Structure formats: structure tokens, C-alpha cells
Protein chains: 2
Amino acid sequence: MSTREKIIQSAKELFSKKGYNHTTVEDIVKHAGLSKGAFYFYFKSKDQLMEELINSMAERTKEIMRRWLNKGLSAEEMIRGHIRDFLVECYQDRHIAYVFFFELLCNREEFKRLHKKHMENILALLTKMVEKGYKEGEFRCGSVKTLVNLIVGYMRLLYMERLLLNNAGLEEILQEAQEGLDVIFRGLKCGS
Amino acid sequence: MSTREKIIQSAKELFSKKGYNHTTVEDIVKHAGLSKGAFYFYFKSKDQLMEELINSMAERTKEIMRRWLNKGLSAEEMIRGHIRDFLVECYQDRHIAYVFFFELLCNREEFKRLHKKHMENILALLTKMVEKGYKEGEFRCGSVKTLVNLIVGYMRLLYMERLLLNNAGLEEILQEAQEGLDVIFRGLKCGS
DNA sequence: TATAACCGACCGACCGGTCGGTATGTTATA
DNA sequence: TATAACATACCGACCGGTCGGTCGGTTATA
């Protein structure tokens with residue numbers, strides 16, 4: 001692993017453990033077995049490193065969604081498929097996913113805007129999937145907005161509570177996600 | 001409003017605007033038209049104020065849930081009812097709800113534990129409601145855990161995205177929450 | 001006039017960022 | 001092919017600003 005990669009990896013781990021604010025540049029470099037000089041050789045500032053982490057994570061997520069959107073599948077298949085990929089991605093990079101979903105919102109306005117920008121893109125992509133379901137008569141109650149919120153809310157919670165706080169395994173999470181989607185798609189009360 | 005209340009109110013507003021870390025004690029007292037001396041006359045530390053805010057918010061939420069649990073209603077009625085009350089409470093106190101749901105998770109271990117403790121209580125209460133639904137045959141697919149996660153995730157997202165980021169009105173939020181619950185309870189695909 | 005309530009100058013720990021330095025290549029030159 | 005000239009990668013002491021918390025003093029109240 002290159003020095004630059006070492007710094008990034010170290011930052012990811014520490015940010016997810018202690019948070020952005022409570023992780024010092026000193027912490028990051030010590031944990032990577034380096035010095036501050038190395039850090040500022042590769043990064044303009046602590047903020048710049050943060051932004052880089054966020055952008056890379058968000059772009060990968062969008063890429064996954066775009067891939068599924070272009071497969072010509074039904075809405076349910078697209079949604080289930082991209083969520084699976086998304087959770088796998090989250091699992092592999094769970095440190096930085098935490099930073100994206102939470103850390104970013106507890107910081108200065110600049111970071112909140114960054115989160116908002118990426119979230120808007122992601123929601124727009126999910127909206128496209130869901131819209132298809134309504135347009136083609138696949139979904140019959142609720143509304144686009146409601147469904148999008150249900151899905152995103154569930155994913156976030158799954159990630160936060162199960163993956164991060166409870167350290168659940170990947171298979172377990174995927175299983176749970178499918179169950180939740182079953183409820184959303186089929187409903188609680190209309191047939192088993 | 002007493003001086004103590006002024007400080008609390010000021011802290012709530014600033015914490016939700018700038019976050020706990022980026023709100024200084026100086027900010028809080030200036031915004032309340034007071035001085036640091038007043039702050040440290042009423043509070044042992046900035047952390048103690050934070051804990052007080054969190055505990056009070058969490059206790060009120062639990063109280064709402066307990067009230068609905070003891071009404072002898074069906075699971076769906078209990079869930080819909082307490083969520084309504086909860087959202088009203090959140091709306092009135094949206095500043096501190098933000099701190100509870102997000103700020104707490106982006107801070108030192110001590111605060112994370114506090115969040116976890118309250119969350120466990122709240123989830124246990126919700127679980128009781130949901131269990132009743134399965135026990136009495138009201139709910140027919142999914143599982144207790146899945147349903148609890150779906151509901152909590154949706155509430156959190158509604159609160160975060162709609163109430164906080166989009167500044168939606170109370171009636172609008174309540175309406176949306178009902179729609180989401182409709183989907184969960186009836187399902188997307190089994191009858192309109 | 002005693003005490004509660006409040007003021008605000010100041011302390012000191014902490015942390016992001018800087019900067020002068022070094023060591024290990026790599027390229028140019030004669 | 002020896003060496004001067006330069007570049008890259010990294011070190012760590014230090015600086016300057018920030019902010020939680022303290023403390024000696026002042027004002028209001030009963």
C-alpha cells in the first residue's frame with residue numbers, strides 16, 4: 001500500500017471510530033506509522049481528505065445505481081438488485097459510509113452542502129426506478145416520494161444499527177434487507 | 001423565561017444550526033444575552049447541558065410510547081397513534097431532536113453510549129407494540145425485527161430530510177407518515 | 001448585608017497547519 | 001563514471017488560534 005493509501009485507510013478507520021472532529025491529523029499519521037509532513041505532502045488539508053473520501057464513496061454508489069437503471073428490468077428487480085450491491089459496497093467500506101451518512105451532517109455548512117448535493121443525485125436515481133414501477137402499474141398504492149423515503153430510510157437504519165453498531169455480517173444484512181423489501185412490496189396484511 | 005431556560009433554549013437552537021462541536025459556550029451565552037459566568041453558574045460543563053437535553057427528549061418520547069402501549073388498542077392503532085404524537089413532539093422540539101438523532105453519533109464514545117441506551121429502550125417499547133400485532137395475527141408477513149427497523153428507519157428519514165432539511169410543515173409530515181405506514185401495513189401490490 | 005446571580009478577563013490544553021531540515025533517488029554534465 | 005544539481009518523500013518542532021473552564025469581582029434581591 002502506498003503512503004497515500006495508508007493515510008486514507010488510517011483516516012477512514014479513525015473517522016468511523018472517533019469521528020472527524022475528534023480525530024486529529026496527528027492521530028491519522030501515527031496510526032499509519034507516518035508523520036505530519038507526509039500528510040501535508042499528499043493533502044492540502046484535513047478537510048480536503050474528507051471531501052475526497054466522501055466524493056469517492058458517493059460516486060461509486062451512483063455508478064451502481066446507473067448500472068441497474070440501464071438493465072431494462074422491472075422496478076422491483078432494479079431496486080432489489082442495486083440495494084444488494086449497495087450493501088455489499090457499504091460493507092466493504094463501512095468506515096467511510098458512516099462518515100457519509102452521519103459525520104457529514106454534524107459539521108459545518110460546507111460539509112452539509114456536500115452531503116445534500118450527493119443525496120439529491122442518489123434520490124433522483126432511486127426516484128427514476130420507483131417512477132417506472134408506478135408508470136407501468138407494478139406498484140399500486142403509496143406514491144413515488146413515499147416509497148423512496150421508505151427505502152432510503154430502511155437502508156440507512158440497516159446500515160447504521162445493524163452493520164455499524166451491531167457488527168452484523170454481510171449475509172445477515174442482505175437477508176434482512178430482502179425481508180424488509182418483501183414487506184414493502186407485498187405488504188404486511190395481504191397474504192403471507 | 002428564566003436564565004436557565006434561556007440558556008437551554010439558546011443551546012438547542014445553536015446545536016441544531018451549527019452542531020454541538022461547532023457551537024461554543026461563548027456562542028450560547030451571547031445568543032442568550034448572558035455571559036459565561038451565568039452558564040457555569042447553572043451547568044457543570046457543556047457536556048452536562050448536552051446530556052440534560054438528550055435525556056429530557058428521550059424521556060418524553062418513551063412516555064408517549066408507554067401511554068399508547070397501555071391503551072389496549074390494536075398494534076396498528078398503537079403504532080400510528082404514537083408516531084403521530086412523536087412527530088408532533090419532534091416538530092415542537094425539532095432542534096433537540098436533531099441533536100439526539102445525529103449529533104450524538106458523531107461524538108465521543110460517552111455520547112454514543114447515551115444514544116445507544118435510549119435507543120434500546122425506545123426499540124424495546126416499539127418491539128412490544130409490533131409483537132402484539134404478530135401474536136394476535138394482525139400482521140402476517142415479515143418479522144418483528146424487520147417491521148421495527150422499517151418503522152424506525154422511515155421515521156428517522158422523515159424527520160431528517162423533510163422536517164429538518166426541507167423545513168416541511170407539521171401537517172405535511174403527518175400526512176406523509178400516514179402514507180408510508182399505509183404502504184407498510186397494506187403493501188404496495190395487494191389491492192389499492 | 002448576606003447571599004444568590006451574573007460578569008468577563010484570563011488560563012492552558014489542544015490541534016490544524018507551517019516550515020526548515022534530511023535522506024534517498026534521478027538526471028544532467030564534463 | 002564521478003559528481004553536481006535537482007526532485008521527491010518524509011520528518012517533527014513549533015506557531016497561532018480556538019475554546020472549555022476558572023476565578024475574582026460586581027450587581028441585584030430579600
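**Exercise 1. How many of the residues of chain A count as buried, in percent?**

Solution. Start with the ground rules. This is a predicted model, in which local features need pLDDT of at least 70, side-chain atom pairs count only at pLDDT 80 or more, and totals for chains, interfaces and linings use all residues. Residues are numbered from 1 along each chain as its sequence is written, while chains are lettered from A and ligands numbered from 1 in the order in which they are written.

Next, the criterion: a residue is buried if 20 or more other C-beta atoms lie within 10 Å of its own, exposed if 12 or fewer, and partly exposed in between, with C-beta atoms placed from the backbone. By that count, 38% of the 192 residues of chain A are buried.

**Exercise 2. Describe the make-up of chain A.**

Solution. Step one is to list the elements. Helices (H or I, at least four residues) and strands (E, at least two) are DSSP runs, numbered from the N terminus. Chain A has nine helices and zero strands.

Step two is the extent: the C-alpha trace of chain A spans about 60 × 30 × 30 Å along its principal axes.

Step three is the contacts, where two residues are in contact if their C-beta atoms, placed from the backbone, lie within 7 Å. Take the contacts in chain A with a separation of 6 or more: 63% of them join residues 24 or more positions apart.

**Exercise 3. Work out which parts of the two chains line each DNA strand.**

Solution. First, the cut-off: a residue is near a strand if its C-beta atom, placed from the backbone, lies within 6 Å of it.

Now take DNA strand C. It is surrounded by 16 residues, the closest being A:T24, B:T3, B:S35, B:G37 and B:A38. From chain A, α2 (25-31), α3 (36-42) and α4 (46-69) each supply at least two residues of this surface, and so does α3 (36-42) of chain B. The biggest share, four residues, comes from α3(B).

For the classes, Ala, Val, Leu, Ile, Met, Phe, Trp, Tyr, Cys and Pro count as nonpolar, Asp, Glu, Lys and Arg as charged, and the others, Gly among them, as polar. The surface near DNA strand C then splits into five nonpolar, six polar and five charged residues.

Then do DNA strand D. Here too 16 residues surround the strand, with A:T3, A:S35, A:G37, B:T24 and B:S45 the closest. The helices supplying at least two residues each are α3 of chain A and α2 (25-31), α3 and α4 (46-69) of chain B. α3(A) gives the most, with four residues. By class there are five nonpolar, six polar and five charged residues near DNA strand D.

**Exercise 4. How are chains A and B related, and where do they touch?**

Solution. Begin with the superposition, done by least squares on the C-alpha atoms of residues with pLDDT of at least 70 in both copies. A rotation of 180° with 0.0 Å of shift along its axis puts chain B on chain A, with an RMSD of 0.1 Å. That is the relation of a two-fold axis.

Move on to the interface. There, 39 residues of chain B contact 39 residues of chain A. On the chain B side, α8 (144-165) and α9 (170-186) each supply at least two residues, and α8(B) gives the most, with ten. This side holds 16 nonpolar, 13 polar and ten charged residues.

Finally, compare the copies: 97% of the interface residues of chain B are also interface residues in chain A, so the copies meet through the same surface.

**Exercise 5. Follow helices α1 and α8 of chain B.**

Solution. The yardstick is an expected span of 1.5 Å times one less than the number of residues. Helix α1 of chain B (residues 3-18) has 16 residues and reaches 22 Å between its first and last C-alpha, close to the 22 Å expected. Its buried residues are B:I7, B:I8, B:S10, B:A11, B:K12, B:L14, B:F15 and B:S16. Their cover includes α2, α3, α4 and α6 (94-101) of chain B. After α1(B) comes B:G19, with a positive phi near 85°.

α8(B), with 22 residues, reaches 30 Å, close to the 32 Å expected. B:K145 sits in α8 of chain B and counts as partly exposed, with 15 C-beta neighbours inside 10 Å. The C-alpha atoms of B:K145 and B:A38 are separated by 46 Å.
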